[in-house]
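Let's take a walk through this fold together, starting from the sheet and working outwards. Keep the structure open beside you as you read.

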Amino acid sequence: MCYRCSTAAPTTRRTFLTMAGGAAAGLGLPSVALAQKPQPKQPGPPKPQNEITADEALKRLVAGNRRYIDGVSRRHDFKHEREALVQGQNPFASILSCADSRIAPEYAFDSGRGDLFVCRVAGNFANDESIASFEYAIAILNVPLLMVLGHRSCGAVDAAIKSIRDNTTLPGHLPSLVSALSPAVKAAEGLSGNLLDNAIKQNVILNVEKLKAATPIIDKAVAEKKVRIVGGVYNLDDGRVELLT
Ligand SMILES: [Zn+2]
């Protein structure tokens, strides 16, 4: 259960106190005595420093990426972070990343435990399950920023290009990846430059748009400016994340 779920109680408690105060007044009892009655403390959010805006969240990701590029990542205190996060989570950003082992959002943005809400699938495309996960992150955890993070030399996108170009069917469940990535490959086919690089970028752009339009929760949160959705591409050679949107 997240801390926000556990803090649903105070509203109920306040409502109850208001009603109790009104009843006390009707009985001629001092309502102030009820109002001042000590209440059990509710736990605050873990990592209160993560209560930031979308722009601040993006700045924090960029700054973390800079430290990672420069090889000056922070030393994370996993022991105390772990203890602080037993009661809930309060991430400041969500990431849709490729499953590629060379891409690790927590490392790439030099972030700690409980900072990033990450969904990963080869080809970093949004499906029903990841959309549902981000709905939870946005609606329940109030995460202000969502980034679709592609990367250079993505094997999933490359395999989709070859499968479509050669009109071959890959074994096992791989055709589902090809199917999910084919809109990006088709969008890139008419562009000048390297097809793989263009398809990787198009895949990020299309999935940013898909997430922005995901009804009924994420599209509403975007319209109400409760969440900002951006795209980026990770460079394998220097670790830099190039922002696209
Ligand atoms: Zn990949």
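A quick word on pairing before we begin: two strands count as paired if DSSP finds at least two bridges between them. With that in hand, look at Leu-146, which stands opposite Ile-229 in S4. Keep in mind that this is a predicted model.

That residue pair belongs to a longer stretch of pairing. Strand S3, residues 145–151, runs alongside S4 in the parallel sense, and the two are joined over 7 bridges. On to the next partner: S4 also pairs with strand S5 (residues 241–243), this time in the antiparallel sense and over 3 bridges. Here Gly-232 stands opposite Leu-243 in S5. S4 and S5 make a hairpin with 6 residues between the strands, and in it Gly-239 takes a positive phi near 80 degrees.

Now zoom out to the whole sheet. It is an open one, built from 5 strands in the order S2-S1-S3-S4-S5, and the pairing is mixed. At the edges you'll find strand S2 (116–120) and S5, each of which pairs on one side only. From one strand to the next, the twist averages 25 degrees. A handy reminder while you look at the sheet: in a regular strand, side chains alternate between the two faces.

So how enclosed is S4, residues 228–234? Of its 7 residues, 6 are buried, so the strand is largely enclosed by the rest of the structure.

For a close-up of strand S3, try His-151. Is this residue buried or exposed? His-151 counts as buried because its relative accessible area is 0%, and the cut-off for buried is under 20%. Not counting residues up to four places away in sequence, His-151 touches Cys-98, Asp-100, Arg-102, Ile-103, Ile-200, Val-233, Tyr-234 and Leu-236.

Next, the helices that lie across the sheet. H7 lies across strand S1 (93–97), S2 and S3, and runs at about 175 degrees to S2. H10 lies across S1, S3, S4 and S5, running at about 165 degrees to S4.

Stay with H7 for a moment and find Ile-138, which sits in this helix (residues 128–139). Ile-138 is buried, at a relative accessible area of 7%. Which residues does Ile-138 contact, leaving aside its neighbours within four places in sequence? They are Val-143, Leu-146, Ile-218, Ala-221 and Val-227. You've met Leu-146 already, as the residue opposite Ile-229 in S4. Ile-218 is worth a look too: it is 80 residues from Ile-138 in sequence, yet the C-alpha atoms are 7.3 Å apart in space.

Over at H10, there is a helix pair to look at. Two packed helices are described by the angle between their axes and the distance between the axes. Helix H9 (residues 174–189) and helix H10 (residues 195–212) pack at an angle of about 125 degrees, with their axes 8 Å apart. That angle makes H9 and H10 oblique to each other, and their crossing is right-handed. On the H9 side, the contact is made by Leu-181, Pro-183, Ala-184, Val-185, Ala-187, Ala-188 and Glu-189; H10 brings Leu-195, Asn-198, Ala-199, Gln-202, Asn-203 and Leu-206.

Pick out Gln-202 from that set, in helix H10. This glutamine is buried, with a relative accessible area of 18%. Beyond its neighbours within four places in sequence, Gln-202 is in contact with Ala-184, Ala-187, Ala-188 and Leu-191. Gln-202 and Leu-244 are 42 residues apart in sequence, with 9.8 Å between their C-alpha atoms.

Finally, step back to the chain as a whole. The protein chain has 11 helices and 5 strands, and buried residues make up 40% of its 245 residues. Take the contacts between residues at least 6 apart in sequence: 70% of them join residues at least 24 apart. As for the outside, the accessible surface comes to about 13,300 Å², of which 56% belongs to carbon and sulfur atoms.

Conventions. Residues are numbered from 1 along each chain as its sequence is written. Side-chain values use heavy atoms; hydrogens and water are left out. Helices (H or I, at least four residues) and strands (E, at least two) are DSSP runs, numbered from the N terminus. Buried means under 20% relative accessible area, exposed over 50%, partly exposed in between (1.4 Å probe, protein chains only). Contact means heavy atoms within 4.5 Å. Accessible areas come from the Shrake-Rupley method with a 1.4 Å probe; for residues, only the protein chains shown count as cover. Axes are lines fitted to C-alpha atoms, for helices over the stretch in contact, and angles run from 0 to 180 degrees between N-to-C directions. Angles under 35 degrees count as roughly parallel, over 145 as roughly antiparallel, 65 to 115 as roughly perpendicular and the rest as oblique. A crossing is left-handed if the near helix is turned anticlockwise from the far one by less than a right angle, and right-handed if clockwise.
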